[in-house]
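Here are some notes to read alongside the structure, for anyone meeting it for the first time. Take a look at it before going through the points.

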Amino acid sequence: MTDYLEINRANWDERAAPHAASPGYQVQKFVDDPAYISDVVRFDLPRLGDVSGLRGVHLQCHIGTDTISLSRLGARMTGLDFSGASLEQARSLAARAGADIPFVQSDVYAAREVLDGEFGLVFTGIGAIGWLPDIRRWARTVASLLAPGGRLFIREGHPVLWSLDYDRTDGLLSITEPYFEQKEPQIWDEPGTYVESDHEFQHTVTHEWNHGLGEIVTAVLEAGLVLTGLEEHQSVPWEALPGRMHKLDTKEWQLTEKPERLPHTYTLQARKPV
Ligand SMILES: C[S@@+](CC[C@H](N)C(=O)[O-])C[C@H]1O[C@@H](n2cnc3c(N)ncnc32)[C@H](O)[C@@H]1O
């Protein structure tokens, strides 16, 4: 295994402040409007159902915008992330937005050891599981956090989307990267980030893994959870294929030419049996 944790943490630590300052994350809206919730959680609302009163944990919470949104829907949230700089931003935003949320620094795989008690909701996604080498270990971690009857809610970039050639400009969709989970990571060296920023990044290398949809479902089932929903979507919250997507009224991005070719994201829900 590579030293992926150190490499990826350095990358995320450097992105936290520029992300909090970027128009993409809209952090000031959380401060100005006590009813504001993120576009990501707004999209989830019809599937999320009532979360009020649930004890929830947001795995890989980054700067806390979705964590605060869930707390505004009435869930008693905890945020977890391995990036100290992200959690600094999350704590500062929660304080300014009037949200009382503990944020815990940890690798996802150690979540069971660092968090007390069980949760009625494990929420994650939108660029989360691609940082983890082993989807089965992730699913076992999620299951260990859930109380009987508790549920997993994940909306995530689709593994088909992650497998595409991003530089292709002729309108064709072409699969050039692994769809299935590989032992070795894909190693990328990218100067920028996925939201607007003029910051000049020093930590540009990442180690990432794709996980096929069947692998994800199987991992969830093997961890003892019951699948309660699996829906593929024709939109994604960020401009995943730059220059080839347009923004919808939902503020999500969609492939401009024949979007029906591509599963952009999916929502998977599962429950721990009582
Ligand atoms: C794209 S963000 C996803 C968060 C959320 N969807 C958002 O956009 O705000 C990915 C987050 O995963 C965190 N992360 C990556 N690998 C991790 C790991 N092994 N354990 C815990 N957090 C990790 C990063 O620090 C980053 O905050």
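The points below go from the whole chain to two helix pairs and then to a single residue.

1. First, a caveat: what you're looking at is a predicted model. Please keep that in mind for everything that follows.

2. On the overall make-up, the protein has nine helices and 11 strands. Its radius of gyration is 18 Å, close to the 19 Å that the globule rule gives for 274 residues, so the protein is as compact as a globular protein of that length. If you'd like a feel for the dimensions, the C-alpha trace spans about 50 × 40 × 40 Å along its principal axes.

3. How much of the chain is tucked away? Buried residues account for 50% of the 274. As for contacts with a separation of 6 or more, 73% of them come from residues 24 or more positions apart.

4. Now for the helix pairs. Two packed helices are described by the angle between their axes and the distance between the axes. Take helix H3 (residues 39-48) and helix H4 (residues 65-72): their axes come within 10 Å and cross at roughly 45°, which makes H3 oblique to H4. The crossing of this pair is right-handed.

5. Which residues bring H3 and H4 together? On the H3 side they are Val40, Val41 and Leu48, and they meet Asp66, Ser69 and Leu70 in H4. By type, that contact has four nonpolar residues, one polar and one charged.

6. The other pair is helix H7 (residues 135-145) with helix H9 (residues 213-222), packed at an angle of about 40° with axes 8 Å apart. H7 and H9 are therefore oblique to each other, and H7 passes H9 in a right-handed crossing.

7. At this second contact, H7 contributes Ile135, Arg136, Trp138 and Ala139, while H9 contributes Glu215, Ile216, Ala219, Val220 and Glu222. Six of the residues in the contact of H7 with H9 are nonpolar and three are charged, with no polar ones.

8. Finally, have a look at Val31, which sits in helix H2 (residues 27-32). Is Val31 buried, partly exposed or exposed? Its relative accessible area is 27%, and buried would need under 20%, so Val31 counts as partly exposed.

9. Val31 also has a partner from elsewhere in the sequence: Val31 and Ala97 are 66 residues apart along the chain, yet their C-alpha atoms are 4.5 Å apart in space. Leaving out residues up to four places away in sequence, Val31 touches Leu93 and Arg96.

Key:
Residues numbered from 1 in each chain as written. Predicted model: local features only at pLDDT ≥ 70, side-chain atom pairs only at ≥ 80, totals over all residues. Heavy atoms only, no water. Axes fitted to C-alpha atoms, helices over the stretch in contact; angles between N-to-C directions. Helix = DSSP H or I, 4+ residues; strand = E, 2+ residues; numbered from the N terminus. Parallel < 35°, antiparallel > 145°, perpendicular 65-115°, else oblique. Left-handed = near helix turned anticlockwise from the far one by under 90°. Contact = heavy atoms within 4.5 Å. Nonpolar A, V, L, I, M, F, W, Y, C, P; charged D, E, K, R; others polar. Rg over C-alpha atoms; globule rule 2.2 N^0.38 Å. Buried < 20%, exposed > 50% of the residue type's maximum accessible area, 1.4 Å probe, protein only.
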